[in-house]
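Q: Please give me a close look at one part of this structure: what kinds of residues make up the lining of the largest pocket? I would also like to see how the rest of the chain connects with it.

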Amino acid sequence: MDYKYHTINELNHFIFGEAVLGDLQMTDEMFHAVIDNVKILPENSCNRDIRTMRANELLLKLDGAQIVALIEEGYREYDADGNLKHTYEDVTVKPEQYKEKEEVLIGGTIYELQMENGVYSFVIDGTDERTYTLKIAADGDEELWNRFLEL
């Protein structure tokens, strides 16, 4: 598919908070995510407006991607009186479970996406009412989309 707009290594010119993960493909060396409700900042090289816009069906590609970790975040369980009943620790998902967890990430809401030292960290509220942190090491990022939408 051809896209009208294309940026390279401009992740910091987008806001992924509150975006929805529409599709996800993770394999060795490849990471592709289709994301809806991505905000495009005025600093973005393709944004000719002087205001924040948004895009649906934005394709995010990470080049040379390697999954560093997929963590199912822990939580605390309380009774009706506010007393702590149980604490569940973070669980590191095993590589053989990635495909299974990929299914609960699709349709989930992204809280944040940050890149630091070549590692992209996604915090995603999965469709199973659990929160996940996905860390991917990559050589760079590409963002592709077709339309600018108003907020």
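A: Sorted by class, the residues that line the largest pocket are four nonpolar, two polar and two charged. Keep in mind as we go that this is a predicted model. You can find the lining residues in the sequence: M1, Y3, V34, N56, E57, N146, R147 and L149. The pocket they surround has a volume of about 170 Å³.

Let's use two of those names as a bridge. N56 and E57 line the pocket, and they also turn up among the contacts of I35. I35 sits in strand β4 and is buried, with a relative accessible area of 0%. If you set aside neighbours within four places in sequence, the contacts of I35 include F16, A19, V20, L21 and G22, and also A55, L58, L60 and I110. Look at F16 in particular: its C-alpha atom is 8.5 Å from that of I35, although 19 residues separate them along the chain.

F16 leads us on to the aromatic rings. It belongs to a cluster in which ring pairs link Y5, F14, F16, W145 and F148. Across the whole structure, a search finds seven aromatic pairs. One of them joins F31 and F122, with ring centres 5.3 Å apart and planes at 45 degrees, so this pair is tilted. F31 comes from strand β4 (residues 29-36) and F122 from strand β12 (residues 119-125), so the pair ties together parts that lie 91 residues apart in sequence. Both partners are hidden away: F31 counts as buried at 2% relative accessibility, and F122 counts as buried at 1%.

For another arrangement, turn to Y75 and Y88, whose rings are stacked, 4.5 Å centre to centre with 25 degrees between the planes. Y75 lies in strand β8 (residues 75-78) and Y88 in strand β9 (residues 84-88), 13 residues apart. These two rings are partly exposed, Y75 with a relative accessible area of 35% and Y88 with 31%.

Strand β12 also takes us to the helix. Helix α1 covers residues 98-105, and its buried residues are Y98, K101, E102, V104 and L105. Looking down the axis of α1, you would see them fall within an arc of 165 degrees, so they line one face of the helix. On the face turned away from that buried side you will find the exposed residues K99, E100 and E103. The cover over the buried residues of α1 includes β12, together with β3 (19-27), β7 (58-72) and β13 (131-137). Just after the helix, G107 takes a positive phi of about 95 degrees.

Finally, step back to the whole chain. It has one helix and 14 strands, and its C-alpha trace spans about 55 × 35 × 25 Å along the principal axes. Of its 151 residues, 38% count as buried. Links between far-apart stretches show up in the totals too: among contacts with a separation of 6 or more, 61% are between residues 24 or more positions apart. The F31 and F122 pair, spanning 91 residues in sequence, is a nice example to locate in the model.

How values were computed: Residues are numbered from 1 along each chain as its sequence is written. This is a predicted model: local features need pLDDT of at least 70, side-chain atom pairs count only at pLDDT 80 or more; totals for chains, interfaces and linings use all residues. Side-chain values use heavy atoms; hydrogens and water are left out. Rings of Phe, Tyr and Trp (its six-membered ring) pair if their centres lie within 6.5 Å; planes under 30 degrees apart count as stacked, over 60 as edge-to-face and the rest as tilted. Helices (H or I, at least four residues) and strands (E, at least two) are DSSP runs, numbered from the N terminus. Buried means under 20% relative accessible area, exposed over 50%, partly exposed in between (1.4 Å probe, protein chains only). On a 1 Å grid over the protein atoms alone, a cavity is a set of points where a 1.4 Å probe fits but cannot get out, and a pocket is an open set with protein on both sides within 12 Å along at least five of seven lines; lining residues have an atom within 4 Å of a point. Grid points are joined across faces, edges and corners, and a volume is the space filled by probe spheres set on the points. Ala, Val, Leu, Ile, Met, Phe, Trp, Tyr, Cys and Pro count as nonpolar, Asp, Glu, Lys and Arg as charged, and the others, Gly among them, as polar. The arc is that of the directions from the helix axis to the C-beta atoms. Contact means heavy atoms within 4.5 Å.
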